[in-house]
Amino acid sequence: MAALASSSFFSGLRCLDACESGIGVAGMEAFAASSYFSGLVSLDISHNKISDAGMCALATSSSFPCISSLNVSGNLIEAEGLDAFAASSFFPNLTSLDIGQNKIRDE
């Protein structure tokens, strides 16, 4: 994912399906820091072993202002990552969020 995140070749993407691609925390941090994905409207990063650290990186990133659909299901996200995302102001167009099959529990 770091190589993808650093390539301007992908700057015109509107939809990205990176399901089961082995992103992990380091890849998610590189992706969240990239300036080449500002036009994405749909992002599927499900089933990638993304933890709270990866979700926090996404939540604090201003790189995705157009995203309306986000799938982070099947990862390792717990309450901390979800809380960080819920507090984020960087996803004003989000209309669909899939957080199923994570480690989120009622507290």
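A residue counts as buried here when its relative accessible area is under 20%, as exposed when that area is over 50%, and as partly exposed in between (1.4 Å probe, protein chains only). Phenylalanine 91 falls in the buried group, because its relative accessible area is 10%. Phenylalanine 85 is buried as well, with a value of 6%. The model is a predicted one, so to speak of local features takes a pLDDT of at least 70 and side-chain atom pairs count only at pLDDT 80 or more, while totals for chains, interfaces and linings use all residues. Numbering runs from 1 along each chain as its sequence is written, and side-chain values use heavy atoms, with hydrogens and water left out.

Now for the rings. A search of the whole structure turns up three aromatic pairs (rings of Phe, Tyr and Trp, the last by its six-membered ring, with centres within 6.5 Å; planes under 30 degrees apart are stacked, over 60 edge-to-face, the rest tilted). Phenylalanine 85 and phenylalanine 91 have ring centres 4.8 Å apart and planes at 45 degrees, so this pair is tilted. Ring pairs also tie Phe31, Phe37 and Phe64 into a cluster.

Then there is the largest nonpolar core (buried Ala, Val, Leu, Ile, Met, Phe, Trp, Tyr and Cys joined through side-chain atoms within 4.5 Å), which has 21 residues. Phe31, Leu40, Leu43, Ile45, Leu58, Phe64 and Leu70 have the most contacts inside this core. Leaving aside residues up to four places away in sequence, leucine 43 touches Leu16, Phe31, Ile67, Ser69, Leu70 and Asn71 (heavy atoms within 4.5 Å).
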